[in-house]
Structure formats: structure tokens, C-alpha cells
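Biologist: Hi! Could you walk me through this structure before I head back to the bench?
Modeller: Happy to, just fire away.

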Number of protein chains: 2
Amino acid sequence: MAPLRSWLDINSRSHFSLHNIPFGIISTAANPEPHAAVAIGDQALDLRVFTQQNGFAALSIIQPHQAVFSQPTLNAFAALGRPMHRVIREYLQSILLAGGPFPDILEHNQTLRKTALIRLQDCKMHLPMQIGDYTDFYAGLHHAYNVGTLFRGPQNALQPNYKHLPVGYHGRASSVVVSGTPIRRPNGQILLDPTAEPKQPVLDASRKLDIELELGCFVCKPSALGEPVRIHDAPEHLFGVVLMNDWSARDIQAWEYVPLGPFNSKNFGTSISPWVVLMDALEPFASTGMRNDAQTLPYLDEKDRNSHYPIDLSVSLTTASGNTSTLARTSAKNLLFSFPQMLAHHSIGGCPFNVGDLLGSGTISGESKAEKGCLLEQTENGKVDIELEGGEKRRFLEDGDTVTMTGVCGGEEGAFVGFGECSGRIEPAIELDFA
Amino acid sequence: MAPLRSWLDINSRSHFSLHNIPFGIISTAANPEPHAAVAIGDQALDLRVFTQQNGFAALSIIQPHQAVFSQPTLNAFAALGRPMHRVIREYLQSILLAGGPFPDILEHNQTLRKTALIRLQDCKMHLPMQIGDYTDFYAGLHHAYNVGTLFRGPQNALQPNYKHLPVGYHGRASSVVVSGTPIRRPNGQILLDPTAEPKQPVLDASRKLDIELELGCFVCKPSALGEPVRIHDAPEHLFGVVLMNDWSARDIQAWEYVPLGPFNSKNFGTSISPWVVLMDALEPFASTGMRNDAQTLPYLDEKDRNSHYPIDLSVSLTTASGNTSTLARTSAKNLLFSFPQMLAHHSIGGCPFNVGDLLGSGTISGESKAEKGCLLEQTENGKVDIELEGGEKRRFLEDGDTVTMTGVCGGEEGAFVGFGECSGRIEPAIELDFA
Ligand SMILES: [Ca+2]
Ligand SMILES: [Ca+2]
Ligand SMILES: [Mg+2]
Ligand SMILES: [Mg+2]
Ligand code: NI
């Protein structure tokens with residue numbers, strides 16, 4: 001299929017080609033209240049303005065629902081359901097298509113073009129969804145193996161349950177922030193000498209501040225307490241995907257996590273990219289996942305459905321002195337479980353879901369060092385240096401470091417379906433003054 | 001202090017004495033939209049009706065905020081802050097006090113009495129707060145010791161971190177339900193024979209369905225990302241306390257919980273009592289906690305402040321055949337950490353809080369068998385029978401069992417500050433039909 005071409009000037013390497021049409025929440029000088037938009041090339045199409053100026057004139061089905069685009073989150077839009085997402089996304093594609101069926105709506109409407117098309121650099125981005133609950137999984141097989149090997153050796157790297165279920169934990173919804181939000185280095189309890197007895201922790205700024213390269217997936221359909229989402233229904237419950245950096249403090253984690261799992265080591269901030277790439281935009285890339293050699297139970301069996309997306313991911317670090325180095329490149333195909341499997345498992349006991357709930361994939365790593373999605377793996381828990389551009393080195397993050405993740409699907413120029421960026425800069429820890 | 005006496009007829013053993021004035025969300029035949037009320041004796045004072053009929057005429061400070069009582073949750077009321085809670089609670093006490101200063105507001109106002117005072121049995125109770133995030137701690141020292149002993153023996157019962165920090169995990173906010181909501185037995189992955197190799201789980205209804213006797217505490221003051229709540233400020237962030245039953249599926253938990261903690265074993269339902277007992281109502285009972293023999297860090301030091309409440313707790317089980325047996329009686333004084341300590345720890349790394357966030361205490365057990373707050377402890381993980389009234393026995397919960405928790409502070413008749421009940425009945429698991 002040749003790439004769809006727009007009458008708008010879109011760079012052929014843009015993540016936001018006409019094939020994408022991701023949704024986000026913007027505010028602008030003219031419209032300072034957060035509201036909905038889609039990204040196209042290096043511009044946003046402001047859906048509030050578009051709606052107010054009758055941009056959906058040729059799509060009567062949306063008329064009763066137009067208020068969703070004036071909301072400060074995408075929850076109401078998401079709640080319309082996947083059939084409506086499809087119709088609306090395809091309509092917006094048709095509006096932007098060169099030689100499309102509705103040139104009078106936008107292409108030939110200079111007033112609307114001037115007010116509704118806004119350069120991305122002039123948009124302030126907001127958290128796209130109100131997140132009721134956030135769950136982080138651990139479905140990156142190589143990551144789980146590498147981390148398990150570090151702590152338990154290669155023989156016991158993977159726990160016995162690992163291939164039978166998508167291991168996950170409840171995260172902290174309040175700490176999910178949009179890309180660009182500064183991340184303060186957390187203070188917390190750290191056991192500096194694990195061999196000393198008695199074990200006496202100190203309160204200090206984390207010295208092992210790390211990243212986790214992940215994908216996040218939003219839920220768009222509620223499910224009730226006691227009512228599992230069946231695996232064949234799960235795709236209709238999924239809204240779209242974002243990049244996610246699950247910042248992690250490894251020293252805090254090591255001391256706190258027994259026996260109930262990670263807590264303060266995770267809840268000081270989780271960054272997501274601002275543009276939600278709809279499941280429909282990813283659908284053309286759907287492929288099979290990794291082979292799971294365990295005998296998984298039927299409730300996780302997707303049959304012939306392809307629910308994995310070979311998203312090319314990369315993460316880079318820019319130091320305070322301005323040097324940028326690529327830390328890792330890998331692919332989302334390194335996930336052992338898909339989002340439908342995560343949702344089917346999460347709800348099998350009756351856990352209810354709300355529109356806007358977020359599922360994190362777990363850290364995505366490949367097998368080689370250059371494909372490892374966190375510093376814990378890359379530096380073997382701080383034992384090996386990472387050599388950066390300009391001669392700098394890192395074991396964990398330093399204050400002033402900016403971490404940027406990107407992700408994109410599709411190899412064809414003009415037809416990329418990408419995620420833009422998810423970035424965050426580390427600020428120094430708060431100075432604590434306990435007498 | 002002699003008990004305060006009301007012109008209303010209040011049973012001297014009522015949990016809802018004039019000393020209490022707990023807040024909840026009700027709906028009634030006349031006002032089917034959920035809205036605020038306080039409980040007094042065996043009645044609710046409907047605050048929406050009370051407000052609409054100018055019941056706050058003698059408290060001008062509340063005038064601009066009266067709409068909070070027509071909201072479907074207490075979040076807006078909670079967000080007014082503790083000084084306002086104090087003023088409003090004391091005003092309502094003065095309205096209900098025999099020989100009080102404002103007899104014309106309610107006592108002598110037959111119209112308002114008829115419409116605003118509603119028998120509790122005619123009120124439908126709703127979840128009192130919209131819960132953004134829910135965290136469950138593990139601060140019951142004897143519970144942690146007993147469970148640790150079961151799985152690791154008495155020498156290693158408590159993990160090295162246990163006395164240094166309130167261990168906790170993020171729970172599932174969407175699964176918190178109000179007392180009376182039926183709880184479906186969860187299906188989930190269970191490893192029936194942990195000794196067999198390879199380890200192959202089955203999907204089945206939990207056979208080890210358990211309770212956890214806990215308190216929950218709501219947050220009423222937001223805190224920003226990166227901004228810890230200092231221990232001396234923490235009490236102003238706490239709204240009130242409820243009873244909590246953290247239903248738990250021990251067989252699902254045993255298989256899933258490594259390495260990231262409990263997940264589906266907990267997220268199928270957590271019940272809370274409907275009436276939020278304000279911190280001010282508990283304040284007269286404030287006392288010191290257990291002695292912590294660890295050298296805890298200064299950020300957890302409450303100095304001379306008393307933040308523990310010797311709430312007498314009990315839990316009973318009523319079988320499908322109607323026999324009711326007391327399972328345990330214990331006291332909330334068995335918590336090693338207080339709610340202010342939990343909040344100070346939870347936020348020390350910068351985790352943000354929203355109004356309505358819920359902190360669970362962890363299971364509360366005393367030292368003797370009759371004081372154990374979960375069946376896992378009482379039956380030594382299903383090895384010992386519990387003898388019930390009528391000759392029935394239990395190791396874990398059966399379908400049709402109703403578990404009821406109660407809690408009350410104060411020994412003086414006519415001055416009880418109690419929580420009413422938190423109950424839930426077990427419904428059979430969904431039949432799963434995977435081909
Ligand atoms: Ca993670
Ligand atoms: Ca618990
Ligand atoms: Mg995080
Ligand atoms: Mg629970
Ligand atoms: Ni939540």
C-alpha cells in the first residue's frame with residue numbers, strides 16, 4: 001500500500017503521518033483550558049476549535065458526542081468505544097487526505113485552518129487521561145531474565161510462575177505524569193551495607209536512580225466487579241498505546257520490596273508520552289508474539305489473533321553538559337504477554353476496570369547489551385560503566401540528566417505510526433532537615 | 001466527662017452517639033441521588049435536606065460551601081480541611097444536644113425533623129469517597145509475625161525492614177466497595193501441588209478465601225509530586241477512619257506474589273464500612289502505640305503526639321444456615337505504625353496524594369488465637385479447624401458465608417464512638433467455560 005498523502009506538508013519521517021492520527025490533550029494561548037487534539041506532522045488539529053466551527057459537519061454520527069473534545073481528558077472520547085474511535089479517526093484522515101472527499105471542511109477553509117491547526121511547539125501537552133488505576137506488568141522476558149540472573153543467577157532467573165501468567169503489581173496512579181514533567185530524585189530508606197548487623201537503613205537521596213523503557217495501554221471500556229473480561233473481548237476494551245518511563249530507585253527498592261513488592265521505589269513519578277496512538281493505528285502492524293514454551297491456561301489463549309506490535313523503541317540520555325547518547329534500542333516484540341492477555345489475567349478474579357485505567361508492559365529489553373531497557377541491566381546493578389558521548393560515564397542517573405524515549409512502527413517513509421517522545425529531566429532531591 | 005445527651009432518643013450502646021457524628025453517603029426514597037448525611041443513633045441526618053431547609057442558618061462560615069453535601073461523595077467536604085470538619089461536626093453536635101443553643105433549627109422544627117431525620121434502615125449506603133489511589137500497609141505486628149512464622153519460621157518471621165518502615169503495597173482502588181456489597185469468590189491461577197515438577201497451575205475458584213481485619217484512613221488534603229508530607233503536618237492530611245475487610249485469596253497469592261507482591265489475590269474486592277468516623281471524633285481516645293524497638297529514622301518520629309486509637313475490633317462469621325460465631329476480637333493498638341507515619345513514609349520520596357486516597361492499616365491481630373484477624377493465622381494456613389456455633393467448621397470461607405466486622409472506641413455508655421459494621425457475603429465463583 002502506498003502511503004496516504006495529505007494536502008498538509010508532512011515530513012516523510014514524521015511519527016505523526018496520516019496513517020497515525022494520535023489523540024492528546026493540549027492547551028494553547030487562544031484556548032488555555034486543556035482539551036482534545038490530534039497530531040498530524042508537526043501540527044496539532046485542535047478538536048475543540050474544529051468542533052466549534054462545525055468540522056464534523058460531514059459526520060453526523062459524532063454530533064451528539066462533540067462535547068467530548070472540550071473535556072480536559074480523553075476519557076469521555078475513549079468511553080465512546082472502539083467503533084466510534086474508528087469512525088472518527090478515519091473521518092479525520094479523510095479531512096486531511098490530499099484529494100479527499102471533504103475539501104471544504106478544512107483544506108479550503110482558511111479561517112478554520114488558521115485557528116484549528118497549531119504548531120506542536122505552540123501546544124502545551126497535558127496528561128491525556130484521568131487514570132483511575134495503574135498497573136505495571138513485567139512481561140519483558142529478557143528484562144525479567146536479566147534482572148533475575150543478577151539477583152538469583154541464571155538457573156533461577158525466572159520464577160516458576162513467570163511464563164504462566166503476566167506478573168504485575170498495582171502502581172500509583174497519582175504519580176503518572178506527562179512527558180516533560182521534571183522528576184525529582186526521591187529520598188528514601190536505603191540500606192547502605194547489606195552485610196552489617198543489625199541492619200540499619202539511612203534516609204538519603206537515591207543513588208541508584210534508573211529508568212524502565214515500557215509501553216502503556218489505556219482501557220476504554222469499563223468492566224464490573226466480579227465480571228472477567230474474556231480474552232476474545234479484551235481488544236475492544238483497549239483504547240491506545242503510549243511510551244512509558246517507569247522511573248525506579250533501585251536502592252530504595254532493594255530494601256523495601258520484601259515481602260509485598262516495589263512501593264516508594266516506583267511511586268515518585270512515571271512518565272508517559274502525550275499522544276495516545278489508537279489501537280486502530282497499530283492494527284496494520286499486528287503480529288505474533290514471542291513463543292511461550294509454558295503450557296499456558298486457556299483463559300490466556302488468543303487463538304489466531306495477533307496482538308503484538310513490533311514497535312522500534314529507543315532511549316537516549318542527554319547530560320547536563322548537553323551530550324546526547326543512545327542508551328538502548330530494542331523492540332516491543334520482546335514482550336511475552338500482550339495487552340489483551342494482561343487485561344484477561346488482571347480481571348480473571350473479578351477486578352473491575354474503569355475507562356482510563358493504565359496497563360504498563362514492564363521493561364522491554366532485547367538479548368544484547370545494546371538492547372537493555374534499564375540501567376540496572378546495562379550496568380549489572382552499578383558494577384559496569386556506560387560510556388557516553390563526550391567521555392562522560394554513568395552507572396545510574398545523575399541530576400540534570402534528561403532521558404528521552406521514542407518509539408515508531410513501520411518502515412515506509414510517509415507512513416510512520418510513531419509515539420513522539422517521552423522525556424523527563426532529573427532534578428536534585430529535596431534537602432531534608434530532620435532535627 | 002459525662003456523656004453528651006441528645007434530645008433525640010439514642011440507645012446508650014449505639015456506635016453513633018452524640019460524641020461521634022460520622023459522615024456517609026446515603027440515598028433515600030425521597031432523594032435517590034447519593035448525597036451526604038451523618039449518623040446519629042439509629043437515624044441519619046440528611047445533610048442535603050438539612051442544607052436545603054437552611055439548617056446551617058446559625059453557622060455562616062459554611063454558607064459558601066453548602067453544595068458539598070449534595071455531592072455523591074464526601075470528597076468535596078473532606079477537601080474543606082480539618083478546621084472546617086471540626087466546626088461543622090461541633091455545630092451538628094450543638095444542634096442535636098439536649099438544651100443546645102439552637103433548638104429552633106431542628107429540635108422544634110417538625111417539618112425538618114420529618115424530612116431530614118431518616119431511619120438508618122431506610123437509607124441505602126454508598127461508597128463514601130471517590131478513591132483515587134488505595135494503599136494497603138502491613139503494620140499489624142502480630143499479624144506480620146504470625147504469617148512470617150507460618151512461612152519462614154519464628155527466627156525469620158519479620159523481614160529486616162519490618163520495624164524500620166511501614167511496609168505496604170499499592171492496592172486496587174477500583175475494587176474498594178461499600179459494606180453489604182456481595183463478594184464473588186475469585187477464580188485464579190492456583191498451584192495445587194507445589195512439589196510437582198514442572199510446576200503447572202490450574203485455573204479454578206479459590207479454595208483459600210480469607211478475610212483481613214483492618215482499618216482504613218482517608219486523605220483530605222492533597223500533596224504535590226515531589227513534596228513529602230512531614231510527620232508533624234500529616235494529621236492535618238487525614239480525614240477519618242473506616243473498618244476495612246481486605247478479602248484475600250491465599251492460594252492465588254501463594255503462586256502469583258513473587259517477585260512483585262500480591263495482585264489478583266487482593267483486587268477482587270475490598271469492603272469498607274459506610275460511615276467515616278472523623279479524626280476529631282477519635283481524638284479523645286488518642287494514645288501511644290506499641291513500642292518499636294528498632295531505631296527508626298527521624299522522618300517517622302511523631303515526638304510526643306499520640307496517633308493510635310485503642311479501637312475494640314471484632315469479626316464474626318454467619319454461615320448460610322444462619323449460625324453466627326465470633327472469629328476474633330482484638331484492638332487497633334496492635335499496629336506498629338500510625339496513619340501519620342504511614343503517610344509520612346508513603347510520601348517521603350515525593351509520591352503525590354489526592355483527596356480521597358485510602359490508606360489501609362494491614363491486618364490487625366493480637367497475640368492469642370482469639371485475637372487473630374485472618375483465617376490464615378487462625379487455621380495455620382488451613383491445617384486447623386475453627387469450630388463454629390451449631391457444630392460447623394471452617395478453614396477458609398465457604399459460599400454463603402457472611403463476614404461482619406465491627407469496631408468501637410470508648411467504654412462509657414452513651415458516649416461510644418463506633419464504626420457500625422463492615423460486612424460482605426461470599427457468592428459462588430463464576431463458572432468459566434473455556435473451550
Ligand atoms: Ca516497571
Ligand atoms: Ca491487607
Ligand atoms: Mg514509576
Ligand atoms: Mg482486597
Ligand atoms: Ni488508583
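Biologist: Let me start with a small one: where does P259(B) lie?
Modeller: P259(B) sits in the loop between α6 (250–256) and β16 of chain B. Keep in mind that this is a predicted model.

Biologist: And what kind of peptide bond joins V258(B) and P259(B)?
Modeller: A cis one, with omega at about -5 degrees. Most peptide bonds are trans. In chain A, the bond from E197(A) to P198(A) is also cis, with omega near -5 degrees, and P198(A) belongs to the loop between β10 (187–190) and β11 (202–205) of chain A.

Biologist: While we're on backbone angles, what is the phi of K303(A)?
Modeller: It is positive, about 55 degrees, although K303(A) is not a glycine. Most residues other than glycine have a negative phi. K303(A) is in the loop between α7 (279–282) and β18 (312–318) of chain A.

Biologist: Is K303(A) buried or exposed?
Modeller: Exposed, because its relative accessible area is 64% and the cut-off for exposed is over 50%. N381(A) has a positive phi too, about 60 degrees, and is not a glycine either. N381(A) is found in the loop between α9 (375–378) and β21 (386–387) of chain A, and it counts as buried at 18% relative accessibility.

Biologist: Let's switch to metals. Which residues coordinate the magnesium ion (ligand 3)?
Modeller: D246(A) through OD, K266(A) through its O atom and T270(A) through OG1, at 2.3 to 2.7 Å. Along the sequence the spacing is D-x19-K-x3-T. D246(A) and K266(A) link distant parts of the chain, 20 residues apart: D246(A) is in the loop between β14 (238–245) and β15 (248–249), K266(A) in the loop between α6 (250–256) and β16 (270–272) of chain A.

Biologist: Why do you call D246(A) buried?
Modeller: Because its relative accessible area is 0%, and buried means under 20%. K266(A) is buried as well, at 7%.

Biologist: What are the protein donors of the magnesium ion (ligand 4)?
Modeller: D246(B) (OD), K266(B) (O) and T270(B) (OG1), lying 2.3 to 2.7 Å from the ion. D246(B) is in the loop between β14 (238–245) and β15 (248–249) of chain B and T270(B) in strand β16 (residues 270–272), so this pair ties together parts that are 24 residues apart in sequence. Both D246(B) and T270(B) are buried.

Biologist: And which protein donors does the calcium ion (ligand 2) have?
Modeller: D136(B) (OD), E212(B) (OE), E214(B) (OE) and D246(B) (OD), at 2.2 to 2.3 Å. So D246(B) turns up among the donors of the calcium ion (ligand 2) and among those of the magnesium ion (ligand 4). The calcium donors are spaced D-x75-E-x1-E-x31-D. E212(B), in the loop between β12 (209–210) and β13 (213–219) of chain B, counts as buried at 5% relative accessibility.

Biologist: New topic: how many residues of helix α8 (residues 339–346) of chain B are buried?
Modeller: Eight of the eight, so the helix is largely enclosed by the rest of the structure. Among them are F339(B), M342(B) and H346(B).

Biologist: What do the buried residues of α8(B) pack against?
Modeller: They pack against β6 (134–137), β7 (168–170), β13, β14 and β20 (358–360) of chain B.

Biologist: Any sheets to look at? In what order do the five strands of the open sheet in chain B run?
Modeller: β4-β3-β2-β1-β5, with antiparallel pairing. The edge strands are β4 (117–119) and β5 (124–126), each pairing on one side only. The twist averages 50 degrees from one strand to the next. Strand β3 (residues 43–46) and β4(B) pair over three bridges, and L45(B) stands opposite L117(B) in β4(B).

Biologist: Last one: what domains does the assignment give for chain A?
Modeller: Domain 1 (23–126) and domain 2 (134–427). Their centres, taken over C-alpha atoms, are 31 Å apart, and the contact takes 20 residues from domain 1 and 15 residues from domain 2.

Biologist: How much area is buried between domain 1 and domain 2 of chain A?
Modeller: About 1600 Å², of which carbon and sulfur atoms give 63%. On the domain 1 side, F23(A), R82(A) and R89(A) lose the most area, together 40% of what that side buries.

Methods. Residues are numbered from 1 along each chain as its sequence is written. Chains are lettered from A and ligands numbered from 1 in the order in which they are written. This is a predicted model: local features need pLDDT of at least 70, side-chain atom pairs count only at pLDDT 80 or more; totals for chains, interfaces and linings use all residues. Side-chain values use heavy atoms; hydrogens and water are left out. Donors are N, O and S atoms within 2.8 Å of the metal (3.2 Å for Na, K and Ca); water is not among the atoms, so sites may look incomplete. Helices (H or I, at least four residues) and strands (E, at least two) are DSSP runs, numbered from the N terminus. Buried means under 20% relative accessible area, exposed over 50%, partly exposed in between (1.4 Å probe, protein chains only). Two strands pair if DSSP finds at least two bridges between them. Axes are lines fitted to C-alpha atoms, for helices over the stretch in contact, and angles run from 0 to 180 degrees between N-to-C directions. Domain bounds come from an automatic or database domain assignment. Contact means heavy atoms within 4.5 Å. Buried area is the accessible area (1.4 Å probe) that two parts lose on being put together, summed over both.
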